[in-house]
Amino acid sequence: MTLWRIRATVDDRPGYLSVLTASLALRGVNILTVQVQPTEHGAVDDFLVDAPDTLDEAELIAAVERGRGRDCWVARSEARGLVDQPTRVLGLANRLVRDPDATGEALRTLLGADSVSWRPAATGTDRGSIGTSMVLADPAGGTFALRRAAPAFTPAEYARAQALVELAGTVARRAAEQVTLVLPDGVEVAVRPACADDLAAVVELHEACSPRSRERRYLSGAALPRPARLRRLLEPSRGLTLVATTDSDGAVVAMANLLGEGDEAEVALLVRDDWQRRGLGSALLRRLVSHADRAAYAALVLHVRADNASMLRTLRRLDRPSLVERDGGLLTLTVPLGVPVPSGTPTTGQQRISGVAGGPR
């Protein structure tokens, strides 16, 4: 028996696929896997089959055409073709997580392309696939151009390829955004954008913090936040969450949140008790402020308890004028960004101070 790949277009009508499979079965062809890819011209069926050694390419094409298949393409396959498509894609994704520079080779493997090239983006470049050519947008800039002799690319293959390219771009951006901070005491910590996979480590961070630290962070009590809330904080719809991890065991020792709403962004910090008063909160806050500046937010807003002296000291180190409004024991601090602070006397219930922000340092 010999392994073959067969691709053919079949009218997307009830019973037509069974006619094709019956035609193959009459020639002793055993279908091992099948993928159905919808297109505007009908369903493209991609088979991996085990056929008798006596059958050649022409006889397989004839069997497909007798089964109402058209635009048939047939090629010999190898045992590795037995791996199902989702498993292959997950394997390629795992490779890109470890090496985002392998995007071209991953695309070649995914689509069986004969050539994959990268070129700078040009005005008017059309993304998409036409026949046996495909052009993909590279999130980092430029485009990937793919070609193969046959068969023609399908919309489903284009979508898979673009998703793979975007994954590689996300991994590359995260690697570029990770920095190593050297604290005043000489200890190094890694700071990077958070992701959903950090949930377990962030839960451990909250469990390791004292009730007092959690209460100062969330203002609503010292209880542990629910996992659903932490998931939303890790990947906010607008804004940025940073985590600081140790080199020794990779534990998350601090989390900094920038949550955008309208033209303002709310800032909050949580630093594990044994890492407080070491300059970590100040370093995280400065990175959030820099991000907010680049994102063109008009102002930062922080809610801080009036007795949280460590947070207020951290805010002063920003050396930015800020407006403070007091409501009992709670301070609401507004740090304008990109515009001068208006002069004059603050309104009732407000006072202007220099350099304020939130969280333990």
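**Exercise 1. Describe how helix 6 and helix 8 are oriented towards each other.**

Solution. Helix 6 and helix 8 are roughly perpendicular to each other. The steps below show how this result is reached in this predicted model.

- Step 1. Two packed helices are described by the angle between their axes and the distance between the axes.
- Step 2. Helix 6 covers residues 199-208 and helix 8 covers residues 227-234; their axes come within 10 Å and cross at roughly 115°.
- Step 3. Angles of 65 to 115 degrees count as roughly perpendicular, and the pair is therefore placed in that class.
- Step 4. As to handedness, the crossing of helix 6 past helix 8 is right-handed.

**Exercise 2. State the strand order of the open sheet that contains strand 2 and strand 4, and identify its edges.**

Solution.

- Step 1. Strands of a sheet pair through backbone hydrogen bonds, either parallel or antiparallel.
- Step 2. The sheet is open and has four strands, arranged 2-3-1-4 with antiparallel pairing.
- Step 3. Strand 2 (30-39) and strand 4 (70-76) each have a single partner strand, so each of these edge strands has one side without a neighbour in the sheet.
- Step 4. From one strand to the next, the twist averages 15°.
- Step 5. Within the sheet, nine bridges join strand 2 to strand 3 (residues 42-51) in the antiparallel sense. One example is Val 34, whose bridge partner in strand 3 is Phe 47.

**Exercise 3. Carry out the analysis for the open sheet that contains strand 5 and strand 6.**

Solution.

- Step 1. This open sheet of four strands has the order 5-8-7-6, and its pairing is antiparallel.
- Step 2. Strand 5 (115-119) and strand 6 (128-130) are the edge strands, each of which pairs on one side only.
- Step 3. On average, and with direction ignored, neighbouring strands here are turned by 15° against each other.
- Step 4. Strand 7 (residues 133-137) pairs with strand 8 (residues 143-147) over five bridges in the antiparallel sense. Ala 137 has Thr 143 of strand 8 as its bridge partner.

**Exercise 4. Examine the hairpin of strand 9 and strand 10.**

Solution.

- Step 1. Strand 9 (residues 179-182) and strand 10 (residues 188-193) run antiparallel and are joined by four bridges.
- Step 2. Leu 181 is matched with Val 189, its bridge partner in strand 10.
- Step 3. Five residues lie between the two strands of the hairpin, where Gly 186 takes a positive phi near 90°.

**Exercise 5. Determine how the buried residues of helix 4 are distributed around its axis.**

Solution.

- Step 1. An α-helix has 3.6 residues a turn, so residues three or four places apart point the same way.
- Step 2. Helix 4 spans residues 103-111, and its buried residues are Thr 103, Gly 104, Ala 106, Leu 107, Leu 110 and Leu 111.
- Step 3. Seen down the axis of helix 4, these buried residues fall within an arc of 160°, so they line one face of the helix.
- Step 4. After helix 4 comes Gly 112, which has a positive phi, near 60°.

**Exercise 6. Locate the backbone features at Pro 151, Arg 277 and Asp 319.**

Solution.

- Step 1. Most residues other than glycine have a negative phi, and most peptide bonds are trans.
- Step 2. The peptide bond from Ala 150 to Pro 151 is cis, with omega near -5°. Pro 151 lies in the loop between strand 8 and helix 5 (155-177).
- Step 3. Arg 277 has a positive phi near 60°. Its loop runs between strand 13 (264-271) and helix 9 (280-294). With a relative accessible area of 56%, Arg 277 is exposed, because the cut-off for exposed is over 50%.
- Step 4. Asp 319 has a positive phi near 55°. Asp 319 sits in the loop between helix 10 (309-316) and strand 15 (321-327), and its relative accessibility of 65% makes it exposed.

**Exercise 7. Count the disulfides and examine Cys 195.**

Solution.

- Step 1. A disulfide requires two cysteine sulfur atoms within 2.5 Å.
- Step 2. By this rule, the count is zero disulfides. Cys 195 is in no disulfide, and the nearest cysteine sulfur, that of Cys 209, is 19 Å away.
- Step 3. The relative accessible area of Cys 195 is 18% and this residue is buried, because buried means under 20%.

Conventions
Residues numbered from 1 in each chain as written. Predicted model: local features only at pLDDT ≥ 70, side-chain atom pairs only at ≥ 80, totals over all residues. Heavy atoms only, no water. Buried < 20%, exposed > 50% of the residue type's maximum accessible area, 1.4 Å probe, protein only. Pairing = 2+ DSSP bridges. Axes fitted to C-alpha atoms, helices over the stretch in contact; angles between N-to-C directions. Arc of directions from axis to C-beta. Parallel < 35°, antiparallel > 145°, perpendicular 65-115°, else oblique. Left-handed = near helix turned anticlockwise from the far one by under 90°.
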